[in-house]
Structures are given as structure tokens and as C-alpha cells.
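Here are my notes on this entry, as numbered points. Please read them with the model open beside you.

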Amino acid sequence: MVSEFVSKLKTSIRIGTRGSKLALWQAHHVADFLTAAGLSPEIVIITTKGDVVLDRSLDKIGAKGVFTEELEESLRTGHIDIAVHSAKDVQSTIPADLELLAFMERERVNDVVVSFDANLDLQRPDLVLGTSSTRRKAMLKRFLPHATAAEARGNLQTRLRKLEEGQYHALVLAYAGVHRMEYDGLIRHILPETQFIPATGQGSVAIECARNLEPALKAELHRILDHAVTHVCLAAERAFLRTMEGGCSIPSFALATLSPDGATLQLHAGLISLDGQQFIEETRTAPPAEAEATGVQLAESILARGGQQILDDIRRERA
Ligand SMILES: NCc1[nH]cc(CCC(=O)O)c1CC(=O)O
């Protein structure tokens, strides 16, 4: 019955993606799942503002949706059926006519230190680390205060070229991207996720579609691509981020995990000031059904405990 029903659905699926190597890895990952399920995926490359503007730090472009806008427009016109994003790069609130259909199984969440120097000493007093993330810059000030953070924009390959040219001793990157690009051999340190708490969504691939995509096709794609544990964890993290009213340009962090028996969701999240001096964090546990409420409540608590002041200071500094 079910297969007869599904066989009436269109089977060719147009997957929209950015053209960077990491984005293409993600799109091929999605395509592999679809092919294994008997569908016929096709990859469509779409260039975004984030790919074009490489000379400015993300917090200066007005980062909201900088890697997603053009993909979302293609979903609306039907030029593509689904868009593939790093979950970390997806705005906390997406437009009302679009939806997040699936979150794929999460990779190891940590930030890592990557260097060509196999003997890299994280304690050397003149250490220069390349990063373009507000969160990582602030955390470096707190946890590696002797290090200097230097701007490192561009895709992974561009950043590695800058590293090779000697602009920094090392880069701080997400393990997920480094591993997917097969640069594991350059990882010198895995930063503890209890200090360098990752960004919301780090390590997962998000699938977006138009709300009015054929319901049976939506259900089928969800069944093939969604990872339930990752989905509930990201629901908590994204509710936290939405309540903080920040995108990737504020130094917030959030990591949710689910206990092996699936009964308890733990959310560890907070906000750090740009100078690293204030580190407001909190851990809450709840049943997974309360994932979103937990994210909202944790964010409200962080804001009340000085987080709002940190955000106001950041906005004033940038204005
Ligand atoms: N903001 C860029 C970005 N978006 C997703 C990843 C890595 C892969 C992931 O976290 O899913 C990266 C690079 C990085 O942070 O090192």
C-alpha cells in the first residue's frame, strides 16, 4: 500500500547547495541517502552572498542569512525541492513560507585546533590563531588568554592556504568540517566541549523546503533524512538561540545531548562577553518533549543573569 502510494510521487529531487567543497560534501551526503532510498537526486549549485563577500568579517556583513537567502529564494520558485545547509548557518527563525524538514545525524561537535606544525604548543606566548567566529574569539580570550586571534574568513581551503602561508600558527575550526574535508591529519588538539561549547547546530546538516512542498514527498524525505535524536537536540538549541535573538554574530553557545535511554535531554548553553571576562552558562535537564521550552527558559535565565547587558554592550560597540 505504502509503496504504491509513494510510487506516484515524483522521484527526481533537486538538491540546492552552495558551491564550497564542504557544502558539496553535505549535498552529496544527502544525495547518497536519497539514492539508497530509490530516489533520483540532482545537485544544483547556488552562490550566496556569504560566498562572494570574503573581505569582511561575518559580523560586519550583517550576517543574518548570509549563506542561506539565495537558496531560500530558489525553494520558493521551485527551482530546487530542498536546500542543504550546515545547521549552524541556518537563522534561528526562518521565513514563514519555508520549513526545516530534517536534521541529519550529528558529527562530533567539538572545535579543534588545526596546524601544519605537528608539535604545536598551545601554551607558546606568541601563539596566533586564525578564526572568524565571534564566539571562538571570545572563548580564546578566556581560555587561552596569551593567544592572539587573527581574522580567517573564506572557505576551509582558503583558510588552510592562509595557514600554510604562515599568517597564523593554527586555525580553530569545527571538527565536522575538518573531518568531512579529510584534514583529520592536521588536527593537533580537540578542544573540550565543556569550555569551547559549540555553536547552535554545529556538526549537523539541515534540510529546508517550501512549506507547500507536496505533503507525501515531505514525509518521505523526512523519513529518509531526519535523525530523531539530533532533531530534538537542535530543537532545544535553536529555541535557545531564537530567544537570545542572535544569529552567528553573537558569542552564544549551546549544546544539547540526549541520554542513551532517550529519557533525558540536557542543554548546556550561554553567552560570553567579547573580552571573555563574563561567561554566563547554565545546564538544564528535561524530558525531550520539553526541548523547546527548555531552550527558551534557559535563554531567558541567561538574559536575566547579565546576558542582556552583554548583548546591549555588543550592539553599542558595533553601532
Ligand atoms: N560558519 C561556517 C561553518 N559552518 C559549518 C561549519 C563546519 C561544519 C559544521 O559545524 O557543521 C563551518 C566552518 C567552521 O566553523 O569551522
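1. Start with the ligand. This is a predicted model. Nine names make up the surroundings of the ligand: Ser86, Lys88, Asp89, Leu173, Ala174, Ala176, Gly177, Gln202 and Gly203. By class, the shell holds three nonpolar, four polar and two charged residues. Strand β8 and helix α8 (175-180) each give at least two residues to this shell. Domain 1 (2-105 + 204-226) and domain 2 (111-190) each contribute at least three residues to the shell.

2. Now the domains. The assignment splits the chain into domain 1 (2-105 + 204-226), domain 2 (111-190) and domain 3 (241-318). Note that domain 1 is listed in two stretches, 2-105 and 204-226. The centres of domain 2 and domain 3, taken over C-alpha atoms, are 24 Å apart. Six residues of domain 2 and 11 residues of domain 3 take part in the contact. On the domain 2 side, the contact residues are two nonpolar, one polar and three charged.

3. Next, the sheet. In what order do the five strands of the open sheet run? The order is β7-β6-β8-β5-β9, with mixed pairing. At the edges sit β7 (148-151) and β9 (187-190), each paired on one side only. From one strand to the next, the twist averages 35°.

4. One strand pair deserves a look. β5 (residues 111-114) and β8 (residues 170-174) run antiparallel and are joined by four bridges. Aspartate 111 has alanine 174 of β8 as its bridge partner. Ala174 is also one of the residues around the ligand.

5. Then helix α6. Helix α6 (residues 134-143) lies across β5, β6 (128-131), β7 and β8. Its direction makes an angle of about 155° with β6. Is the helix mostly covered or mostly open? Helix α6 is mostly covered, with seven of its 10 residues buried. The buried residues are Thr134, Arg135, Arg136, Lys137, Ala138, Met139 and Leu140. Please check the charged side chains on that list by eye.

6. Isoleucine 250 is worth tracing. Isoleucine 250 lies in the loop between α10 (228-244) and β11 (252-258). Why does isoleucine 250 count as buried? Because isoleucine 250 has 23 C-beta neighbours inside 10 Å, and the cut-off for buried is 20 or more. Beyond its neighbours in sequence up to four places away, isoleucine 250 touches Thr134, Met244, Leu311 and Ile314. One of these, Thr134, is a buried residue of α6. The C-alpha atom of isoleucine 250 is 6.9 Å from that of arginine 135, although their positions lie 115 residues apart along the chain.

7. Histidine 231 is a second buried case. Histidine 231 is part of helix α10. With 20 C-beta neighbours inside 10 Å, histidine 231 counts as buried. Leaving out residues up to four places away in sequence, histidine 231 touches Phe103 and Asp226. Glycine 201 is 30 residues from histidine 231 in sequence, and their C-alpha atoms are 9.7 Å apart.

8. Last, a backbone point. Most residues other than glycine have a negative phi. Glutamate 182 is not a glycine, yet has a positive phi of about 65°. Where is glutamate 182 found? Glutamate 182 is in the loop between α8 and β9. Glutamate 182 counts as exposed because it has 9 C-beta neighbours inside 10 Å, and the limit for exposed is 12 or fewer.

How values were computed
Residues are numbered from 1 along each chain as its sequence is written. This is a predicted model: local features need pLDDT of at least 70, side-chain atom pairs count only at pLDDT 80 or more; totals for chains, interfaces and linings use all residues. Two strands pair if DSSP finds at least two bridges between them. Axes are lines fitted to C-alpha atoms, for helices over the stretch in contact, and angles run from 0 to 180 degrees between N-to-C directions. Two residues are in contact if their C-beta atoms, placed from the backbone, lie within 7 Å. A residue is near a molecule or strand if its C-beta atom, placed from the backbone, lies within 6 Å of it. Ala, Val, Leu, Ile, Met, Phe, Trp, Tyr, Cys and Pro count as nonpolar, Asp, Glu, Lys and Arg as charged, and the others, Gly among them, as polar. Domain bounds come from an automatic or database domain assignment.
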